[in-house]
Amino acid sequence: MAVIGAVMVPHPPLIIPEVGRGEEKAIQKTINAYHQAAKEIAALQPETIVVTTPHSIMYGDYFHISPGFDAGGDFGQFRAPGVKIHTNYDVAFAEELCAEADEHGFMAGTLGERDSRLDHGTMIPLYFIDQEYTDYQTVRIGLSGLSFVDHYTLGQYIQETASRLGRRTVIVASGDLSHRLKEDGPYGYREEGPRYDKKIMEIMGNGDFGRLFEFSENFCQKAGECGQRSFLIMAGALDQMKVEAKALSYEGPFGVGYGICTFRTAGVDESRNFKEKYEEQQRARMRERKEREDDYVRLARKSLEGYMIKRVPISVPDDVPEEMLEKQAGVFVSLKKDGRLRGCIGTIGPTTGSVAEEIIQNAVSAAVSDNRFPEVTYEELPYLEYSVDVLEAPEEIQSADQLDVKKYGLIITKGRKRGLLLPNLEGVDTVEEQIAITKQKAGIAEYDDDVQMQRFEVVRHR
């Protein structure tokens, strides 16, 4: 068994005495647990330590694996330039992991290096490990904007790589918990913060990794978490392994949660195939949703699936209800996968002869023409959730007091610049947020109030 253990650790710079200058004493439990975790790693005598860090290079659709033979860094940005960390990279492991990713068409590799220096999310774990053990090489991997499932999948490729090379490998999942535990913390307080920390410590302390998929992207964003994706990569690296999990400590005196857990593998357990189980649950849920789809959503799905097979738009089916043929309106089609937006394209007003034609056109466009995302692939079709918004005619408004984020969508115009935001979107909770996001989409400065605003209602089909 190549992956022999793992740790979940935070990375507060002030835990380094030269940085904290006495403040570190407020997280002494975390320091003590860090030393214990380092001792447990030393006892395992790994040849390779894979560090996943939120503070290395991060791309929206790509996992960056640090290239080269070695790297170093210091804590100069935290007023302690004399504290330096250096590590040698496991070049063969990085190359094999890249080959594994390429073999599966997975977006990970060593391209796009912008700064070779070690980040503090890597240096702090190595600072403690090096006090107990130094006979290892490192693989440093940044996180990405890809889905939770993709992060778990990368962990599976790490496990496969370690097995192919026969490397005794330990995973270090570097990540703080919520940054929103206290009003005087770095990002203030939100109730999701303590809820996230309590739940994550329970999950990780029990090694119940399948529950990591229970968190929605929106909840994690509101909680201000840092390490969720690191933890998912680690979970993937421990896929189908029996794990002995221990929660060593949790503290949050500065408004940021610091949790430390250790994991030691203890043989194979094929029942711990958490991603496979999650994807089967998703497929079952999608089958149920498909059975409940109304005519509008069914047409959007039929349009995209038909296009994917023949690469030409379908004709309006004979069984479409008359109301969809007689009415003309703007229509937005939104696609989601794993709870995350996968594409959204629409028209503010009618551009075709009917709502049915509008749906057919925009369902395909949402999948292949939304330049925020790569084109949807045929393999993704079973996992897509569709929603169709039929827009009512917009009406001009004079102030934000006339808006309601749940009821009304918003159009903001200034000259040739125009932005639109649909109503009742997850993560958009206030009118201020709605206006700011709509201006951003239009390319209008947030402080610019010399704009025209229109509100509109939609009939949403899911």
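**Exercise 1. Placing Ala 42**

Task: In this predicted model, work out which helix holds Ala 42, and decide whether the residue is buried or exposed.

Solution: Begin with the secondary structure, where Ala 42 is found in helix α2, the element that covers residues 28-44. Next take the relative accessibility of Ala 42, which is 15%; since a residue is called buried under 20%, Ala 42 counts as buried. Then look for partners beyond the neighbours within four places in sequence, and Ala 42 proves to be in contact with Glu 132 and Tyr 133. Finally, set sequence against space for Ala 101, which is 59 residues apart from Ala 42 in sequence and 29 Å apart from it, C-alpha to C-alpha.

**Exercise 2. Reading a four-stranded sheet**

Task: For the open sheet that contains β14, β15, β16 and β17, establish the strand order, and explain why one side of β14 and of β16 is left without a neighbour in the sheet.

Solution: The order is β14-β17-β15-β16, and the pairing is antiparallel. Because β14 (395-397) and β16 (417-421) stand at the edges, each has a single partner strand, and one side of each is therefore left without a neighbour in the sheet. Neighbouring strands are turned by 25° against each other on average, with direction ignored. Turning to one pair in detail, β15 (residues 409-414) and β17 (residues 452-456) are joined over five bridges in the antiparallel sense, and Ile 411 has Gln 454 of β17 as its bridge partner. As a last step, add helix α13 (residues 431-442), which packs on the sheet by touching β15, β16 and β17, and whose direction makes about 135° with that of β16.

**Exercise 3. Describing a hairpin**

Task: Determine how many bridges pair β11 with β12, and how many residues lie between these strands in their hairpin.

Solution: Strand β11 (residues 331-337) pairs with strand β12 (residues 340-346) over six bridges, in the antiparallel sense. Within this pairing, the bridge partner of Val 333 is Ile 345 in β12. The hairpin leaves two residues between the strands, and in the turn Asp 338 has a positive phi of about 55°.

**Exercise 4. Characterising a pocket lining**

Task: For the second largest pocket, find which element gives the most to the lining, and sort the lining residues by class.

Solution: Start from the space in the second largest pocket, about 270 Å³. Its lining has 17 residues, with Gln 77, Asp 115, Arg 117, Leu 118 and Asp 119 lying nearest the centre. Two or more residues come from each of β4 (70-75) and α4 (120-129), and β4 gives the most, with four. By class, the lining divides into five nonpolar, seven polar and five charged residues.

Conventions:
Residues are numbered from 1 along each chain as its sequence is written. This is a predicted model: local features need pLDDT of at least 70, side-chain atom pairs count only at pLDDT 80 or more; totals for chains, interfaces and linings use all residues. Side-chain values use heavy atoms; hydrogens and water are left out. Two strands pair if DSSP finds at least two bridges between them. Axes are lines fitted to C-alpha atoms, for helices over the stretch in contact, and angles run from 0 to 180 degrees between N-to-C directions. Contact means heavy atoms within 4.5 Å. Buried means under 20% relative accessible area, exposed over 50%, partly exposed in between (1.4 Å probe, protein chains only). On a 1 Å grid over the protein atoms alone, a cavity is a set of points where a 1.4 Å probe fits but cannot get out, and a pocket is an open set with protein on both sides within 12 Å along at least five of seven lines; lining residues have an atom within 4 Å of a point. Grid points are joined across faces, edges and corners, and a volume is the space filled by probe spheres set on the points. Ala, Val, Leu, Ile, Met, Phe, Trp, Tyr, Cys and Pro count as nonpolar, Asp, Glu, Lys and Arg as charged, and the others, Gly among them, as polar.
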